[in-house]
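Here are my notes on this model, point by point. Please read them with the structure open.

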Amino acid sequence: MLHIKYTYKYMASRIPLKYWCSQVCSRLYSNGSKIIEIGGKKYQPDGNFTNVTPSMISLTGRSLHLKDRHPVGILRDAIENKLNSTDNAFLAYNTYKPVVSTYENFDSLGFPKDHPGRSKSDTYYVNSKYLLRTHTSAHELECFAKAKSGETNKPGFLISADVYRRDEIDRTHYPVFHQMEGCRIWNRDNTAYTSNVEPGHITKMREDLKKLEQQLHQQQTKVVVEDDTSLDGNPKQNYMTDLEVDLCSKHLKRSIELVISDVFHRKLESLRKTNKDASEIPTELQVRWIKAYFPWTAPSWEIEVWWQGEWLELCGCGLVQEDVLKKAGYAPDSTISWAFGLGLDRIAMLLFEIPDIRLFWTQDERFQKQFQKGIINTFKPYSKYPSTMRDVAFWLPQTENVEKIHENDLMEIVRNAAGDLVESVKLVDEFVHPKSGKKSLCYRINYQSMDRNLTNNEINALQEEVRNELSRKYNVHLR
Ligand code: PHE
């Protein structure tokens with residue numbers, strides 16, 4: 001089944017594993033002479049940073065979230081509509097370009113300099129200053145600044161976009177996926193604290209929350225919530241009162257619960273229609289809130305949904321650090337805000353029953369013609385083409401003092417050679433030679449096209465390319 005990992009990637013506890021050693025790092029643009037062009041803009045590569053590859057650049061203009069007949073676009077639209085159905089509070093920004101600065105992606109949000117999310121093994125760098133955004137939070141500061149400047153007259157915004165992370169290859173992971181960021185803002189009525197009257201923003205927050213709760217109450221599929229409201233180990237910010245924290249976090253959590261109950265309701269309904277034994281389809285949805293850590297929110301949480309026998313993590317969120325609001329131009333103590341980041345692809349896979357995430361990227365009409373604007377239907381697999389396994393085994397170089405490389409580098413080599421013709425890459429064997437102390441790894445590459453039969457010759461050529469690149473770039477000894 002699907003497992004969600006994108007939202008916890010930025011938690012402090014996550015330390016990158018699977019480092020090996022090698023003398024050379026994967027640098028397609030390492031000679032520094034080729035100019036990189038992305039979305040019509042030119043960038044100077046940097047030998048020490050650049051790891052974005054031509055195959056990734058070719059994916060940057062697809063904007064699946066804007067296609068109204070694509071599962072990701074249909075879901076994005078449904079969630080926007082649901083969030084705006086309460087009080088039409090959110091302005092949607094959906095066309096931000098994927099190249100952002102390291103300041104926007106990390107520094108503006110308070111990521112420490114040594115945060116694992118910044119590593120080259122996880123992130124596609126264009127050069128030392130620019131990268132392919134790894135999350136939609138990269139645009140938070142800019143959108144907060146727009147809200148502050150009065151350029152928009154809405155108390156909230158949504159940002160949907162494609163985001164990029166170096167990762168493993170399998171049916172639920174793809175180096176590009178889509179997120180929706182949501183933020184809501186209340187301006188504090190500071191004057192009222194001196195009198196006995198309730199401050200205006202507190203009254204407003206209560207009203208806004210009440211509307212949400214009423215709406216949740218009317219949802220046909222009820223959510224049964226296990227809420228972790230204690231702030232032990234998940235402290236609030238000093239500038240906020242307990243009451244503000246309570247109201248703001250409730251508003252955040254109920255907003256996300258509303259989206260989840262709506263989206264999953266549609267799925268449960270369609271299951272009820274197609275299943276012989278409809279009594280087996282749950283009538284309620286179990287969700288739980290878990291404490292989390294993100295550098296730019298406090299307190300922070302994640303929500304998980306119990307779906308087909310496992311907990312799925314769907315979304316990270318929290319109350320925005322005042323520092324971010326101040327950087328956006330808000331005066332100290334003037335503003336209260338929440339933010340969330342929701343992964344769209346995993347939810348779309350589950351709703352539309354898409355068995356392999358690569359299908360989202362296929363240009364095959366048999367996929368594309370199955371979807372219609374505004375409708376969540378079940379995907380009908382058109383055929384499954386045979387798959388072919390090939391192993392690649394190698395000894396890691398033993399030399400000390402060499403640059404570390406990562407399993408994701410191997411994934412990148414496979415992706416560059418074979419693109420979407422690979423279904424998965426898995427480590428199947430690992431051992432250390434008892435006498436020489438040398439380490440050997442064996443990876444199994446499963447070749448399978450979504451659209452056609454692959455010939456043996458074709459697969460052999462791809463496999464050869466993977467082997468050659470591995471030994472050329474990483475100095476491994478092929479077995
Ligand atoms: N950007 C975070 C992620 O990708 C999710 C998030 C968004 C968390 C907004 C808190 C606030 O994991």
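1. A cut-off first, since several points below rest on it. A residue is called buried when its relative accessible area is under 20%, exposed when that area is over 50%, and partly exposed in between. T152 has a relative accessible area of 13%, so it counts as buried. Keep in mind that this is a predicted model.

2. Where does T152 lie? T152 belongs to the loop between α4 (140–148) and β7 (156–164). Leaving aside neighbours within four places in sequence, T152 is in contact with L91, Y93, K146 and A147. The side chain of T152 also has a polar partner in the backbone: one of its polar atoms lies 3.5 Å from the backbone nitrogen of K154.

3. T50 is a second threonine in a loop, here between β3 (41–43) and α1 (54–57). Is T50 buried or exposed? Its relative accessibility is 2%, so T50 counts as buried. Two backbone atoms lie by polar atoms of the T50 side chain. The backbone nitrogen of D46 is 2.7 Å from such an atom. The backbone oxygen of V126 is 2.9 Å from one.

4. Now the overall division. The protein splits into domain 1 (54–191 + 199–369) and domain 2 (385–478). Their C-alpha centres are 35 Å apart. In the contact between them, 21 residues of domain 1 meet 19 residues of domain 2.

5. How much area do domain 1 and domain 2 bury between them? The value is about 1700 Å², with 43% of it on carbon and sulfur atoms. On the domain 1 side, R166, I169 and R358 lose the most area to domain 2. Together these three residues make up 42% of what that side buries.

6. The polar side of this interface deserves its own point. There are 3 salt bridges between domain 1 and domain 2. R166 forms a salt bridge with D409, and the closest N and O atoms are 2.8 Å apart. R166 is also one of the residues of domain 1 that lose the most area to domain 2. Across the interface, 16 residue pairs are in polar contact, both residues being at pLDDT 80 or more. The domain 1 residues that touch domain 2 comprise 11 charged, 7 nonpolar and 3 polar.

7. Next, helix α8. How many of its residues are buried? The count is 9 of 9, so α8 is mostly covered by the cut-off under 20%. The buried residues are L344, D345, R346, I347, A348, M349, L350, L351 and F352. Note that D345 and R346 are on this list. The cover over these residues includes the helices α2 (71–87) and α6 (242–274). It also includes the strands β8 (176–187), β11, β12 and β13 (335–343).

8. Look at the end of α8 as well. Just after this helix, E353 takes a positive phi of about 55 degrees, although E353 is not a glycine. E353 is in the loop between α8 (344–352) and α9 (365–368). Its relative accessible area is 36%, so E353 is partly exposed.

9. Two backbone features involve β11 and the loop that follows. The peptide bond from A298 to P299 is cis, with omega near -5 degrees. P299 lies in strand β11 (residues 297–307). Q308 is in the loop between β11 and β12 (310–320). Phi of Q308 is positive, near 45 degrees, in a residue other than glycine. Is Q308 buried or exposed? At 55% relative accessibility, Q308 counts as exposed. I would check both sites in the display.

10. Last, V466 in helix α11 (residues 456–474). V466 has a relative accessible area of 1%, so it is buried. Which residues does V466 touch, not counting those up to four places away in sequence? They are I413, V414, A417, I445 and Y447. V466 and L410 are 56 residues apart in sequence, with 8.7 Å between their C-alpha atoms in space.

Key: Residues numbered from 1 in each chain as written. Predicted model: local features only at pLDDT ≥ 70, side-chain atom pairs only at ≥ 80, totals over all residues. Heavy atoms only, no water. Domains from an automatic or database assignment. Contact = heavy atoms within 4.5 Å. Buried area = accessible area lost by both parts, 1.4 Å probe. Salt bridge = Lys/Arg side-chain N within 4 Å of Asp/Glu carboxyl O. Polar contact = N/O pair within 3.5 Å; in protein donor to acceptor, adjacent residues only side chain to side chain. Nonpolar A, V, L, I, M, F, W, Y, C, P; charged D, E, K, R; others polar. Helix = DSSP H or I, 4+ residues; strand = E, 2+ residues; numbered from the N terminus. Buried < 20%, exposed > 50% of the residue type's maximum accessible area, 1.4 Å probe, protein only.
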